[in-house]
Amino acid sequence: MKHWITFFSQTGSEINYISKQLGRKPDLIITNRTDLIDVNPELLTTCQNRFFFIPRKPTLDDYKFVIKKNKKLFEDCIITLHGYLRIVPGELCEQYEIVNGHPGAITLYPELKGFNPQERAYNGGYKIAGSVIHRVTAGVDEGEVIMP
């Protein structure tokens, strides 16, 4: 079974929900948050020793440091992004299997790529807000859609 590595910038609630649905905790949870005030309390409690903190605006070297410190986990893994508000460097996108759940129907409305697509869909009067799961590439929400 592959190691499961997650990234988040917001609350981590989605990670907690998916973890319960899968009956499995992530092997590593990486966040660029500077505090844990709004982080999902259940995730903090059940996975407290699995967190790794990176700078708010991580560089390629910051990502490489995480990989070096957790080498075994990165050898055979799937990486999932959950409200991770940073662009993953292309070098890592090519090296690892990374998927993102994007809360916008970008297959129908490519203009919903990027930040706050549901809010933009609502304010724009879109009939469908939708969501997709896509592979992560160096471009913002540009990767192959796995599940529309």
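In this predicted model, strand S4 (residues 77-81) runs parallel to strand S5 (residues 97-102), and four bridges join the two. Within that pairing, Ile79 has Ile98 of S5 as its bridge partner. The connection between these strands involves helix H5 (residues 90-95): S4, H5 and S5 make a β-α-β unit that is right-handed.

S4 also pairs with strand S1 (residues 3-8), again in the parallel sense, over five bridges. Here His3 stands opposite Cys77 of S4. Four of the five residues of S4 are buried, so the strand is largely enclosed by the rest of the structure.

Cys77 leads to the question of sulfur pairs. How many disulfides does the structure hold? The structure holds zero. The sulfur of Cys77 has its closest cysteine sulfur in Cys93, at 12 Å, which is too far for a bond. For Cys47, the closest cysteine sulfur is that of Cys77, 17 Å away, and this too is too far for a bond. A disulfide would need the two sulfur atoms within 2.5 Å. Cys77 is buried at 6% relative accessibility, and Cys47 is buried with a relative accessible area of 1%.

The aromatic side chains form the other theme. A pair of aromatic rings is described by the distance of the centres and the angle of the planes. The count of aromatic pairs comes to seven. One of them joins Phe51 and Phe53: the ring centres are 6.2 Å apart and the planes stand at 20 degrees, so the pair is stacked, given that planes under 30 degrees apart count as stacked. Phe52 and Phe65 have ring centres 6.3 Å apart and planes at 55 degrees, so this pair is tilted. Phe52 lies in strand S3 (residues 51-53) and Phe65 in helix H3 (residues 60-69), so the contact ties together parts that are 13 residues apart in sequence.

The accessibility of these four phenylalanines is listed below.

| Residue | Relative accessible area | Class |
|---|---|---|
| Phe51 | 13% | buried |
| Phe52 | 17% | buried |
| Phe53 | 42% | partly exposed |
| Phe65 | 45% | partly exposed |

The stacked pair thus joins buried Phe51 to partly exposed Phe53. In the tilted pair, Phe52 is buried, whereas Phe65 is partly exposed.

Which residues form one aromatic cluster? Phe7, Tyr63 and Tyr84 do.

Definitions and conventions
Residues are numbered from 1 along each chain as its sequence is written. This is a predicted model: local features need pLDDT of at least 70, side-chain atom pairs count only at pLDDT 80 or more; totals for chains, interfaces and linings use all residues. Side-chain values use heavy atoms; hydrogens and water are left out. Rings of Phe, Tyr and Trp (its six-membered ring) pair if their centres lie within 6.5 Å; planes under 30 degrees apart count as stacked, over 60 as edge-to-face and the rest as tilted. Buried means under 20% relative accessible area, exposed over 50%, partly exposed in between (1.4 Å probe, protein chains only). Two strands pair if DSSP finds at least two bridges between them. A crossover is right-handed if, with the strands pointing away from the viewer, the path from the first strand over the helix to the second runs clockwise.
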